[in-house]
Amino acid sequence: MKSPPQTINWKEAVAELVAMMFFVYVGCGSAATQAGNDAWILGVSLQFGLAITTLAYATAHISGGQINCAVTFALVIAKQKSVAQGLVNLVSQLLGSVLGAALLLAATVGGQDRTTALGSNTLAPDYTVGNAFVSEMLMTALLVYVVFETAVNKRSVAGNNAPIAIGFAVFLAHMVNIPITGCSINPTRSFGPAVVASLNGAEGLWQHHWIFWVAPLTGAGIVALLRGRIISAENSATDLNETKDEELSL
């Protein structure tokens with residue numbers, strides 16, 4: 001996942017745009033077409049988890065399969081991504097999210113959207129802002145922790161199976177958070193549907209939208225500072241030791 005400082009990998013940015021487009025379409029699409037059905041929360045949770053697993057495998061060799069600006073933010077803090085690359089990836093993810101939501105609108109226009117807002121994140125009536133903030137922060141922290149330990153940590157035993165663990169983390173988060181907020185844990189996933197649904201006439205989507213940025217970024221930042229930077233330092237030490245061993249063997 002690590003990118004050289006002060007360089008922009010445009011292939012990485014394009015990969016993030018495409019992956020986010022598909023992620024929003026299939027994830028929010030499952031909510032738009034299944035909400036209210038029997039066991040729909042389980043089905044939508046599985047859809048989001050499988051979507052991340054699939055798209056992470058598809059883009060890991062290009063961008064590391066971030067598909068979430070909270071993950072990108074954490075990687076920047078942990079010095080796995082340059083600030084410049086992180087900002088470019090953020091813009092790409094936002095554009096991909098809007099595009100995915102626009103395509104979902106085209107596919108469900110005419111009253112076929114069971115959520116009436118393209119699966120946008122909102123605060124459920126029975127929960128408080130505090131409830132939503134804590135749960136979004138914690139579940140994002142879970143996701144980012146799994147990313148660092150399976151995909152970034154060179155001591156990980158996950159290997160090429162890291163996307164599976166990451167997908168399961170997304171599944172777990174959705175099982176908890178869908179009844180509370182619809183589950184964001186991904187500000188860029190929340191952004192596109194809110195923009196497109198609002199332009200299509202949906203109301204009230206921005207009142208609590210800040211939660212879906214501040215809480216996930218807070219959770220991601222905490223994990224990056226407490227664990228991510230340590231993993232980055234350990235990885236650097238491992239690289240240095242391997243270089244020394246290679247030099248001694250010559």
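Here are four short exercises with worked solutions on this predicted model.

**Exercise 1. Work out where S190 sits and whether this serine is buried or exposed.**

Solution.
- Step 1: Find the element. S190 belongs to helix 7, which spans residues 187–199.
- Step 2: Check the surface. The relative accessible area of S190 is 1%.
- Step 3: Apply the cut-off. Buried means under 20% relative accessible area, so S190 is buried.

**Exercise 2. Find which side chains make polar contacts with the side chain of S190, and list what else S190 touches.**

Solution.
- Step 1: Start with N121. Its side chain makes a polar contact with the side chain of S190 at 2.6 Å.
- Step 2: Move on to S184. Here too the side chains of S184 and S190 make a polar contact, at 2.6 Å.
- Step 3: Widen the view to contacts in general. Setting aside residues up to four places away in sequence, S190 touches N121, S184, H209 and F212.

**Exercise 3. Describe the surroundings of V71 and say how far its C-alpha atom is from that of R155.**

Solution.
- Step 1: Place the residue. V71 is part of helix 3, residues 69–77.
- Step 2: Judge the exposure. V71 has 4% relative accessibility and counts as buried.
- Step 3: Collect the contacts. Apart from neighbours within four places in sequence, V71 is in contact with Q66, L143, V144 and V147.
- Step 4: Take the C-alpha separation. V71 and R155 are 84 residues apart along the chain, and their C-alpha atoms are separated by 20 Å.

**Exercise 4. Count the aromatic pairs, then classify F133 with W210 and F191 with W213.**

Solution.
- Step 1: Get the count. There are 3 aromatic pairs in the model.
- Step 2: Look at F133 and W210. Their ring centres are 6.3 Å apart with 40 degrees between the planes, and the pair is tilted.
- Step 3: Ask what this pair links. F133 lies in helix 5 (residues 129–152) and W210 in the loop between helix 7 and helix 8 (211–249), so the pair ties together parts 77 residues apart in sequence. W210 is partly exposed, at 41% relative accessibility.
- Step 4: Turn to F191 and W213. With centres 6.5 Å apart and planes at 85 degrees, this pair is edge-to-face, because planes over 60 degrees apart count as such.
- Step 5: Place these two rings. F191 is in helix 7 and W213 in helix 8, so the pair ties together parts 22 residues apart in sequence.
- Step 6: Finish with exposure. F191 is partly exposed at 25% relative accessible area, and W213 is partly exposed at 23% relative accessibility.

Key: Residues numbered from 1 in each chain as written. Predicted model: local features only at pLDDT ≥ 70, side-chain atom pairs only at ≥ 80, totals over all residues. Heavy atoms only, no water. Helix = DSSP H or I, 4+ residues; strand = E, 2+ residues; numbered from the N terminus. Buried < 20%, exposed > 50% of the residue type's maximum accessible area, 1.4 Å probe, protein only. Polar contact = N/O pair within 3.5 Å; in protein donor to acceptor, adjacent residues only side chain to side chain. Contact = heavy atoms within 4.5 Å. Phe/Tyr/Trp six-rings, centres within 6.5 Å; stacked < 30°, edge-to-face > 60°.
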